[in-house]
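This report introduces a protein structure to a reader who has not met it before. The sequence and the structure are shown first, and the description follows.

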Amino acid sequence: TVRYTTVVILGVSSLLFLGFAVFGKYLIGTTVGWEYVDAYNITMWYMLGNVIALAALPLAPMMLSMGKANLNFYLLLAATMVYFPALYYLMKFFGLTGAGIAYLGFQVFRAVSQYVVIKWFLKGHASFSDIKIGKEALEV
C-alpha cells in the first residue's frame, strides 16, 4: 500500500539522515578532503529536505493517477515561485546556509501543498472537476 511504502521510505531516509548526521564530517573529509568539512552544516539542511522529498514521493504519482497532472504541475510551480525569492533573500542574509534552508522550505511547501490537496479531495470536500486551471479558469 501507499502508506506502507511511505513509512518504509521515510524510515530508510531517516536512518540515512541520522547516519550522515553522525558520520557526515568524516565522510566529507575522507572523500573530498578535510578542507570541505565546513560544507557539513549546509549538507544537513539539504539532507533533511531530501528526507521530506522522499517521504512525499508517492504524492505526485497519486495526483497523476487521479487524472490531475495539471494540478500537480501548478503546485510544483507555486512551490518553485516561492523557492527562488526565498533562496535569494536567505542566501543574502545567511550565505550558503540560506540555500539549504530555502531548499528545505521548498520541499516542505511542495509536500504539504500536495498532501493537503489530496486529502481535501479524498474526503469529499470538493472534486477535481471543481478546480479550474489555465484557460478554464479564465472562462466565464
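The sections below move from the overall fold to individual helices and residues.

## Overall architecture

The model described here is predicted. The protein contains six helices and zero strands, and its elements follow the pattern α-α-α-α-α-α along the sequence.

Of the 140 residues in the protein, 31% are buried. Among contacts with a separation of 6 or more, 66% link residues that are 24 or more positions apart. The exposed area of the protein is about 9,200 Å², and carbon and sulfur atoms supply 72% of that area.

## Helix H1 and a nonpolar surface patch

Helix H1 comprises residues 2-31 and includes Tyr26. Tyr26 is exposed because its relative accessible area is 52%, where the cut-off for an exposed residue is over 50%. Together with Val22, Phe23, Leu27 and Trp34, Tyr26 makes a nonpolar surface patch of about 590 Å².

Helix H1 also holds Ser13. In contrast to the exposed Tyr26, Ser13 is buried, with a relative accessible area of 5%. A polar atom of the Ser13 side chain lies 3.2 Å from the backbone oxygen of Leu10. Beyond its neighbours within four places in sequence, Ser13 is in contact with Val51 and Leu54.

## Helix H2

Helix H2 spans residues 40-55 and has 16 residues. Its end C-alpha atoms are 22 Å apart, which agrees with the 22 Å expected at 1.5 Å a residue.

The buried residues of H2 include Tyr40, Ile42 and Met44, and also Gly49, Val51 and Ala53. The buried residues of this helix pack against H1 and H5. One of them, Val51, is a residue that Ser13 contacts, and Ser13 itself lies in H1.

## Helix H4 and its surroundings

Helix H4 runs over residues 69-94, a total of 26 residues. From its first C-alpha to its last it reaches 35 Å, close to the 38 Å expected at 1.5 Å a residue. H4 is followed by Gly95, which has a positive phi near 70°.

Which residues of H4 are buried? They are Leu71, Asn72, Leu75, Ala79, Tyr83 and Leu87. An α-helix has 3.6 residues a turn, so residues three or four places apart point the same way. The buried residues of H4 pack against helix H3, residues 59-65, and against helix H5, residues 96-122.

## The pairing of Asn72 and Gln114

Asn72 is found in helix H4, whereas Gln114 is found in helix H5. The side chains of Asn72 and Gln114 make a polar contact at 2.6 Å. Are these two residues buried or exposed? Asn72 is buried because its relative accessible area is 11%, which is under the cut-off of 20%. Gln114 is likewise buried, with a relative accessible area of 2%.

Not counting residues up to four places away in sequence, Asn72 touches Ala60, Met63 and Gln114. On the same basis, Gln114 touches Ala56, Leu59, Ala60, Met63, Asn72 and Leu75. Ala60 and Met63 thus appear in the list for Asn72 and in the list for Gln114. The C-alpha atoms of Gln114 and Leu59 are separated by 6.4 Å, although the two residues are 55 residues apart along the chain.

## Ala111 in helix H5

Helix H5 also contains Ala111. This residue is buried, with a relative accessible area of 11%. Leaving out residues up to four places away in sequence, Ala111 touches Ile52, Ala56 and Leu59. Ala56 and Leu59 are also among the residues that Gln114 touches.

Ala111 and Ala55 are 56 residues apart along the chain, and their C-alpha atoms are separated by 8.4 Å. Ala55 belongs to the residue range of helix H2, 40-55, and the buried residues of H2 pack against H5 as well as H1.

How values were computed. Residues numbered from 1 in each chain as written. Predicted model: local features only at pLDDT ≥ 70, side-chain atom pairs only at ≥ 80, totals over all residues. Heavy atoms only, no water. Helix = DSSP H or I, 4+ residues; strand = E, 2+ residues; numbered from the N terminus. Buried < 20%, exposed > 50% of the residue type's maximum accessible area, 1.4 Å probe, protein only. Contact = heavy atoms within 4.5 Å. Areas by Shrake-Rupley, 256 points an atom, 1.4 Å probe, with all protein chains shown as cover. Patch = residues over 30% accessible without salt bridge, like charges linked within 9 Å, V, L, I, M, F, W, Y side chains within 5 Å. Salt bridge = Lys/Arg side-chain N within 4 Å of Asp/Glu carboxyl O. Expected span 1.5 Å × (residues − 1). Polar contact = N/O pair within 3.5 Å; in protein donor to acceptor, adjacent residues only side chain to side chain.
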